[in-house]
Amino acid sequence: MKRKLIIGLISVMILVMLIPNSTASSSGHGRKRNVVTIVRDNYGVPHVFAKTKEGLAFGAGYAMAQDRLWQADMYRRSSFGNLAELGLASIQSDYETRSLGYSREELREIFDNWEPSFPEKKLKEMMLAYVDGINLYIAEALEAYSNGDTSLMPIEYLPEIITPDGLPLELFTIEDCTVIVVMMAWRFGATGGGELNFAARYMALESIHGDEDGWEIFNDIYPQVDPGAPTTIPDSGCNYPSYLTKGSKPDLPANIGDVFQMYEEVRMGQTELLESLGMPTKFGSNAWMVTPEKSSSRSAMQVGGPQMGHSTPQIVLEIGLHGAGINAVGMMMPHAPTILIGVSDYGAWTSTTGSSDLVDTYIEVLNPDNPYQYLFNGKWVDMEKRTERIYGYKKLWYEERDIYRTIHGPIIGWDLDNHLCYSMKVPFFKNELAAEEGWSLFQQSKNLYDAQEASKRVELSHNFLWADKKGNIAYWHMGYYPIKPELGLNGRKIDDRFPLWGTGKEEWVGLTTFKDTPKCVNPTQGFLANWNNKPIADWPYREADWGEVHGVSWIQHQLATGGKISFNDMKDINRNTGYNHGNGMYFLDFLINAAKDDSSIPNEVIEALEAWDHHYNDELDPKYPNSYATYDDPGLTIFDAWFQMIDNEVFDDDLAPGVRASSSTLLHVFDGEQSKLTLSRDYLNGEDKDTVIVRVLKEALVELEAYYGTDDISTWLTPVRLIFLNSLGALPTAVMHAMNRGTYNHVAEMSKRRGYKGFRNPSPHVVNVIPPGQSGFIHFVDGEIQVSPHAYDQLKLYDTWSYKPVLFNYRDIKNVAESWTILRI
């Protein structure tokens, strides 16, 4: 059936001149008013040129749709809880999504109520223009498809690909982009909220050891403060709060472990569903910077490595925005015209999840006569209720489900037998666009002050790192965190690790401010590094503290070398960090020293351990991509076998099922009297640690000899680990070897040198990579499936620790351009 779609008042003309590897292009350069030019370079990266910010956003929306329309569509459908109607999920799964989210009307309200801090930055107008750009491409694809031309239509919408009858392609709305912003905000910035988990583990320990011993062991395993935890900010010269409330044993419902188990089953089910569809479920991220004084080029440098899992196509794509005072290139997500992490003429910025405690769980006391009323300040209060209609496959049937909230937020668990329910409270409820607007300001930031103003407008838990052409490096641990009362119900001391009672006695007394924010500019040590670790030593806004065993220590160790650091050194640090064995870094020496003191340990074992450098080395044949590839070091195999067993040996007689000690707790045990954290008991039960270490080593050696069928230690080699980039749609799943690094990586040098004849500063020196490639587009043309040449062209780069150049000026982009598209708006 033919369809012609008209989008608002936008009239569009595409000027086409066919050149190799392009589908829509023109020789025009976008110099006229109301003209947007998209130039794609030799990696398919779209560079949008426009005279207005709205034009840049329009072009970004159109270019995103060319590359990732199916991905954006899946993100909006999963964020709304609309997958059952496509046959991709159950009605129950969609209900669980919606129970924590907003209605379409509320999403419109969130957008309408958003008043950007800097109206001149045109953030709201850019969002609307972005939607228009997406819809232009959708209109063209539908028009062509109605005329029998499938070249613009992603193959996933066609019959017999995802579903027998194909899938509907619908226009985007501002509510659609808003719901994806909300989903990403919660997924990557709404940290904390683990109170049910901690409560269940405490109750499990108490059931075995009793009140006092259970409490002491719980605090050993999940300490509120670990003095050994590495921090991003040096010990002196930065702001941080000095107060810390120490909790007391909690008064919890006896069956809270069962409630947590039900909640965890729902959460894990959602995670498995999203991962099966190639949706983002993970967060991590590392980043580091050096000052000009530490840099061999006398320029500030930065590495950005946001870790968001891997998929085909990747969760992020690349965009260049050029014009209207913006000249920036970097990674974006499909929901907004925002370079979330990238580089401009003025600075480089990146981010990691902050991991501080932003989310709280409340226990609500229900009315025995009406389970939809809860006790608050001495009165029974009606829950907020909305009814959602959730459709099954092809909308052939539906169910209407009720969704409830209390004053604290959405209900995450019910315990009707005991007249209780559990809710989740966040400080940014119905305010996600305002709470996240700072992300959109970095691409317009021209100096350190602008970057700080951008950071200040992010209310969720994120670390931001900035390096600029003036030689500044800066770090902010952002988020505005709940301040809880010191005393709660019945005078108990509040403990961040456990739920709060929702009766009105344990309400937040405020939020932190920017004055409280850990921050550091141009440290005398010459570098800053973060890997979701503790921002500063005396930072109290965390449920249980970051531990001493942490990967950021290896980055800091490399940066702290006495010599100057070059651009290539920054890349090498990324590689060395990506292959580092975190536990090996901390525990290998314990194992070697114990083995050397025991004459019964074969010399070959000790030599293998001493030869290993706590890295996943793959330099000897057979090496990746050989299907029989192994790591080079039998020491790695021996260490892993021992380490998998030592935890059980030390802790199994002390811990309850489901309660595991962290590597940091094991380190505190082995450090003994020298431990930075004093433990409540001797987990070695009076034995010398070397005795325990060697006993487990001997057990591991027996198992390894049986597994490999020989006592020839040189053959005990571990297969190279692989990462499968789950497919989101019809593109085949990509595969690469395991590296602990960013989903996207950039390395940026912000040159301070003057340009040719001193007329202008040169562009930054930047390289980046996003595997497997820029495009997620696969279509059906003339009876054949055609995959974009830029769907997998960065996979080998990433797999070999190589990068591609990042282009900022038109001349460089033009020299490698594959296509031009001109949009008149």
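This passage looks at the aromatic rings of the structure, and at charged side chains placed over two of them.

The model is a predicted one. A pair of aromatic rings is described by the distance of the centres and the angle of the planes. Across the whole structure, a search finds 39 aromatic pairs. One of them joins Phe198 and Phe218, whose ring centres are 6.5 Å apart. The planes of Phe198 and Phe218 stand at 90 degrees, so this pair is edge-to-face, a term for planes over 60 degrees apart. Both partners can also be placed by their accessibility. Phe198 has 13% relative accessibility and therefore counts as buried, while Phe218, at 0%, counts as buried too.

A tilted arrangement is found for Phe587 and Phe643, with 5.2 Å from centre to centre and 50 degrees between the planes. Phe587 belongs to helix α12, which covers residues 582-596, and Phe643 to helix α14, residues 634-651; the pair therefore ties together parts that are 56 residues apart in sequence. Phe587 and Phe643 are both buried. These two rings also take part in a wider group: ring pairs link Phe587 and Phe643 with Phe590, Trp612, Phe639, Trp642 and Phe670 into a cluster.

Charged side chains meet aromatic rings as well. The charged end of Arg401 is found over the ring of Tyr95, at 5.0 Å from the ring centre. In another such contact, Lys395 lies over the face of Tyr391, and the distance to the ring centre is 5.3 Å.

Key. Residues are numbered from 1 along each chain as its sequence is written. This is a predicted model: local features need pLDDT of at least 70, side-chain atom pairs count only at pLDDT 80 or more; totals for chains, interfaces and linings use all residues. Side-chain values use heavy atoms; hydrogens and water are left out. Rings of Phe, Tyr and Trp (its six-membered ring) pair if their centres lie within 6.5 Å; planes under 30 degrees apart count as stacked, over 60 as edge-to-face and the rest as tilted. Buried means under 20% relative accessible area, exposed over 50%, partly exposed in between (1.4 Å probe, protein chains only). Helices (H or I, at least four residues) and strands (E, at least two) are DSSP runs, numbered from the N terminus. A charge sits over a ring if NZ of Lys or CZ of Arg is within 6 Å of the ring centre and within 35 degrees of the ring normal.
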